[in-house]
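This report introduces a protein structure to a reader who has not met it before. Please look over the sequence and the model before reading on.

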Amino acid sequence: MDYYVSCFSSFTGGKLGFYYKEHEILPPLPVGFHRYIVDTLTSGPLAETKERQKDEFDPPSEVRALIEGQFMSMRGHAERCGLPVPPKRIIATGGASSNQAILKTLASVFGCPVYTVQRPDSASLGAALRAAHGWLCKKQGEFVPISRVYSGGSDRTSLSMKLAVPFGGCEGDDELLNKYTLLVEKRLEIEQKLVERFGRVK
């Protein structure tokens, strides 16, 4: 509950960060950092939400803008590809999936519960499963469902999931999601302006 109170109060600062250490494909932008403060964040028209560019943020805001920015970018571009928001759930993997603060931010941006698997090093586990699946298909001489690799049931393996962060049970969750929804729209608008201004030169 403390997180949602803290997140809600600091969120009203409306700090947006775009951090590109390498050339991006989506959006097609060159290396560069861009920071903005959204002056007004209400349920009104997006056109009434103005932004101001900043040279830098204080260190805590920088970290928050980086994490929130990645999730809002994922949500914005996924929505454009047809992902329903909120989705039914998100399964977070990788080393950062053990960080509760990051998972709570993820749940707030997407407006859904976040699950994790039992092992944070899911990339190596996934590679091992794909190798085992390939071996099984070759042995059988045909494609077989990958579930055959762990025929004993995933609930008794490292693939079993657990609820890490619920969503919707705390006061302020829905209002926070509405604010993120507006901020995602604003982020995409600013992103388009950056593409028009700095779009990669081939």
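The following paragraphs describe the overall make-up of the protein and then one of its sheets.

The model is predicted. The protein contains five helices and six strands. Along the sequence, these elements follow the pattern α-β-β-β-α-β-α-β-α-β-α. The protein has 202 residues, of which 37% count as buried. About 11800 Å² of the protein is exposed, and carbon and sulfur atoms supply 55% of this area. Among contacts in the protein with a separation of 6 or more, 66% come from residues 24 or more positions apart.

How are the strands β4, β5 and β6 ordered in their sheet? The three strands form an open sheet in the order β4-β5-β6, with mixed pairing. Because β4 and β6 stand at the edges and each has a single partner strand, one side of each is left without a neighbour in the sheet. On average, neighbouring strands of this sheet are turned by 40° against each other, direction ignored.

The elements of this region span the residues listed below.

| Element | Residues |
|---|---|
| Strand β4 | 90-92 |
| Helix α3 | 100-110 |
| Strand β5 | 114-117 |
| Strand β6 | 161-165 |

Strands of a sheet pair through backbone hydrogen bonds, either parallel or antiparallel. Here β5 and β6 pair in the antiparallel sense, over four bridges. Thr116 stands opposite Lys162 in β6. Helix α3 lies across β4, β5 and β6, and the helix runs at about 85° to β6.

Terms used
Residues are numbered from 1 along each chain as its sequence is written. This is a predicted model: local features need pLDDT of at least 70, side-chain atom pairs count only at pLDDT 80 or more; totals for chains, interfaces and linings use all residues. Side-chain values use heavy atoms; hydrogens and water are left out. Two strands pair if DSSP finds at least two bridges between them. Helices (H or I, at least four residues) and strands (E, at least two) are DSSP runs, numbered from the N terminus. Axes are lines fitted to C-alpha atoms, for helices over the stretch in contact, and angles run from 0 to 180 degrees between N-to-C directions. Contact means heavy atoms within 4.5 Å. Buried means under 20% relative accessible area, exposed over 50%, partly exposed in between (1.4 Å probe, protein chains only). Accessible areas come from the Shrake-Rupley method with a 1.4 Å probe; for residues, only the protein chains shown count as cover.
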